[in-house]
Amino acid sequence: MSRAVFPGTFDPPTVGHLDIVTRAAAAFDELIVAAGVNQSKNRLFGPQERLEMLTELVEPFPNVRVGSFDGLVVDYCKAEGAGVIVKGLRSAADYDYELQMAQLNRRMTGVDTLFFPTAPEHAFISSSWVKEIARLGGDVSTFVTPAVHARLLNTL
């Protein structure tokens, strides 16, 4: 069985994340969407809220489940028996950063990273931008699912 982990902060999950989930779910027998829950990081949504949003997001995919980790993602992968990390890339800057991390992860544990280029219609979407636009009163409804949008509006 091929098992992969799609890690992130998902604060909040976007339609870009959903695109990567959709494509990675088709490529692996099992996909774990894993939210980093490092308590020292200041996020808009708490760990439980992010897990709830991710659970709603992946509900249509029978081979996808949600998890969480605190620490190194490669340690989480080993604990889950996953040999691959899935990452979405929006730009060359993402590639430069993620390539170094992928090389470190492989060197440390042998866990490989598979890059999915983001669909062009989602390349400009980031959780950080979604939060900033929403805080300033902009419409982000096309960047997130309706359920995430409702939570976002209730939180700000």
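In this predicted model, Ser126 touches Thr14 and Arg90, once residues up to four places away in sequence are set aside. Ser126 sits in the loop that leads from strand 5 to helix 5 (127–135). With a relative accessibility of 11%, below the 20% cut-off, Ser126 counts as buried. The C-alpha atoms of Ser126 and Asp11 are 9.4 Å apart in space, although 115 residues separate the pair in sequence.

Asp11 brings the description to the loop between strand 1 and helix 1, where Pro12 is located. The peptide bond joining Asp11 and Pro12 is cis, with omega at about 0°. Phe10 belongs to the loop between strand 1 and helix 1 as well, and its phi is near 50°, a positive value in a residue other than glycine. Phe10 counts as buried, its relative accessibility being 2%.

The sheet is a good place to go next. Five strands form an open sheet in the order 3-2-1-4-5, with parallel pairing. Its edges are strand 3 (64–69) and strand 5 (112–117), each of which pairs on one side only. On average, neighbouring strands of this sheet are turned by 30° against each other, direction ignored. Strand 1 and strand 2 run parallel and are joined by six bridges; here Phe6 stands opposite Val33 of strand 2. Strand 4 and strand 5 also run parallel, again with six bridges between them, and Val86 stands opposite Leu114 of strand 5.

How the helices lie on this sheet can be described through two of them. Helix 1 lies across strand 1, strand 2, strand 3, strand 4 and strand 5, and runs at about 125° to strand 5. Helix 2 packs on the sheet through contacts with strand 2 and strand 3, and its direction makes about 165° with that of strand 3.

Strand 2 deserves a closer look. Seven of its seven residues are buried, so the strand is mostly covered. In a regular strand, side chains alternate between the two faces of the sheet. In strand 2, Glu30, Ile32, Ala34 and Gly36 point one way, while Leu31, Val33 and Ala35 point the other way, and all are buried.

Several of these residues reappear in the largest nonpolar core, which has 20 residues. Nonpolar side chains tend to be buried together in soluble globular proteins. Phe6, Val21, Leu31, Val33, Val64 and Val86 are the members of this core that touch the most other members. At least two core residues come from each of strand 1 (3–8), helix 1 (15–27), strand 2 (30–36), helix 2 (47–58) and strand 4 (84–89). Phe6 illustrates the packing nicely: beyond residues up to four places away in sequence, it touches His17, Ile20, Val21, Leu31, Ile32, Val33, Ala34, Val86 and Gly88.

Pro7 has its place in strand 1 and is buried, with a relative accessible area of 9%. Not counting residues up to four places away in sequence, Pro7 touches Ala34, Phe69, Val73, Ile85, Val86 and Lys87. The C-alpha atoms of Pro7 and Gly88 are separated by 9.9 Å, with the two positions 81 residues apart along the chain. Gly88 is in turn one of the contacts of Asp94, the other being Leu89, when neighbours within four places in sequence are left aside. Asp94 lies in helix 4 (residues 92–109). Is this charged residue buried or exposed? At 16% relative accessibility, Asp94 counts as buried because the value falls under 20%.

A helix pair completes the picture. Helix 2 packs against helix 6 (residues 146–155) at an angle of about 155°, and their axes are 10 Å apart. Since angles over 145 degrees count as roughly antiparallel, helix 2 and helix 6 are therefore roughly antiparallel to each other. Helix 2 contributes Glu49, Glu52, Met53 and Glu56 to the contact, and helix 6 contributes Ala147, Val148, Arg151 and Thr155. The residues of this contact divide into three nonpolar, one polar and four charged.

Methods:
Residues are numbered from 1 along each chain as its sequence is written. This is a predicted model: local features need pLDDT of at least 70, side-chain atom pairs count only at pLDDT 80 or more; totals for chains, interfaces and linings use all residues. Side-chain values use heavy atoms; hydrogens and water are left out. A nonpolar core is a set of buried Ala, Val, Leu, Ile, Met, Phe, Trp, Tyr and Cys residues joined through side-chain atoms within 4.5 Å. Buried means under 20% relative accessible area, exposed over 50%, partly exposed in between (1.4 Å probe, protein chains only). Helices (H or I, at least four residues) and strands (E, at least two) are DSSP runs, numbered from the N terminus. Contact means heavy atoms within 4.5 Å. Axes are lines fitted to C-alpha atoms, for helices over the stretch in contact, and angles run from 0 to 180 degrees between N-to-C directions. Angles under 35 degrees count as roughly parallel, over 145 as roughly antiparallel, 65 to 115 as roughly perpendicular and the rest as oblique. Ala, Val, Leu, Ile, Met, Phe, Trp, Tyr, Cys and Pro count as nonpolar, Asp, Glu, Lys and Arg as charged, and the others, Gly among them, as polar. Two strands pair if DSSP finds at least two bridges between them.
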